[in-house]
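Me: I should like to understand the terms used for this protein. Please explain what stands behind them.

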Amino acid sequence: MGGQHAAGRTELEHPETGVGRLILTSWRIASEHGGARWWWVRVHDSPENLRESAYRRSQEDREFWKDAVLGCCQPVRPWTDGGELLIWPPNGLAGVIRLSAENLFTEVIYHELVHAACAVYRMNFARSVDLGTGLEDMAPEEDLAYIYGQLAADMDTELKAWWTRLRGAVEGA
Ligand SMILES: [Zn+2]
């Protein structure tokens with residue numbers, strides 16, 4: 001990553017590799033149900049940057065992230081001892097949700113939130129949501145995320161259209 005960036009952008013350097021990760025903005029979102037958990041939402045400047053950052057952070061099946069990923073959800077790893085769950089991060093950090101500026105579509109965003117919700121469910125209630133917990137058997141959760149993402153995007157479109165019509169009616173009255 002080069003050193004010339006538009007104002008407002010933040011270049012974060014990986015503490016070990018020193019490689020820059022261009023992140024346009026980031027914020028935190030949280031849920032309380034079953035125990036407080038929060039996520040970093042990072043908006044990368046490009047899908048390539050998103051994939052590279054996801055690849056670098058990943059601890060298994062790293063090749064997966066080089067694919068055509070438009071957004072991703074990377075939960076934290078629990079502290080384990082010989083495979084035995086010891087504890088999730090006591091500060092409530094659940095993981096990072098990565099989005100890219102050119103793919104900030106409601107469908108992509110809500111899709112990743114399904115993965116985030118499933119991950120929090122695993123942390124707070126049961127290790128399995130009966131949708132598969134590993135990358136290789138993640139397909140059912142993936143399908144759920146697609147269905148919910150598309151429904152939510154449609155809902156969003158209709159809501160915006162309704163509000164626009166309502167505002168038009170009020171202003172025209
Ligand atoms: Zn997915």
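Me: Which residue of E7 stands opposite Gln-74?

Reply: Gln-74 stands opposite Val-96 in E7. The model is predicted, with local features needing pLDDT of at least 70 and side-chain atom pairs pLDDT 80 or more, while totals for chains, interfaces and linings use all residues. Numbering starts from 1 along each chain as its sequence is written.

Me: What makes E4 and E7 a pair of strands?

Reply: Two strands pair if DSSP finds at least two bridges between them. Five bridges join E4 to strand E7 (residues 93-100), so the definition is met. The two strands run antiparallel.

Me: Why is strand E4 called mostly covered?

Reply: A residue is buried if 20 or more other C-beta atoms, placed from the backbone, lie within 10 Å of its own (exposed if 12 or fewer, partly exposed in between). In E4 (residues 71-75), five of its five residues are buried. Gly-71, Cys-73 and Pro-75 lie on one side, Cys-72 and Gln-74 on the other. In the protein, buried residues make up 22% of the 173 residues.

Me: How do you know that the length of helix H2 agrees with expectation?

Reply: The expected span is 1.5 Å times one less than the number of residues. For the 19 residues of H2 (residues 106-124) this gives 27 Å, and the end C-alpha atoms are 26 Å apart, which agrees. Among the buried residues of H2 are His-111 and Met-123.

Me: How many helices and strands are there?

Reply: There are three helices and seven strands, taken as DSSP runs numbered from the N terminus (helices H or I, at least four residues; strands E, at least two).
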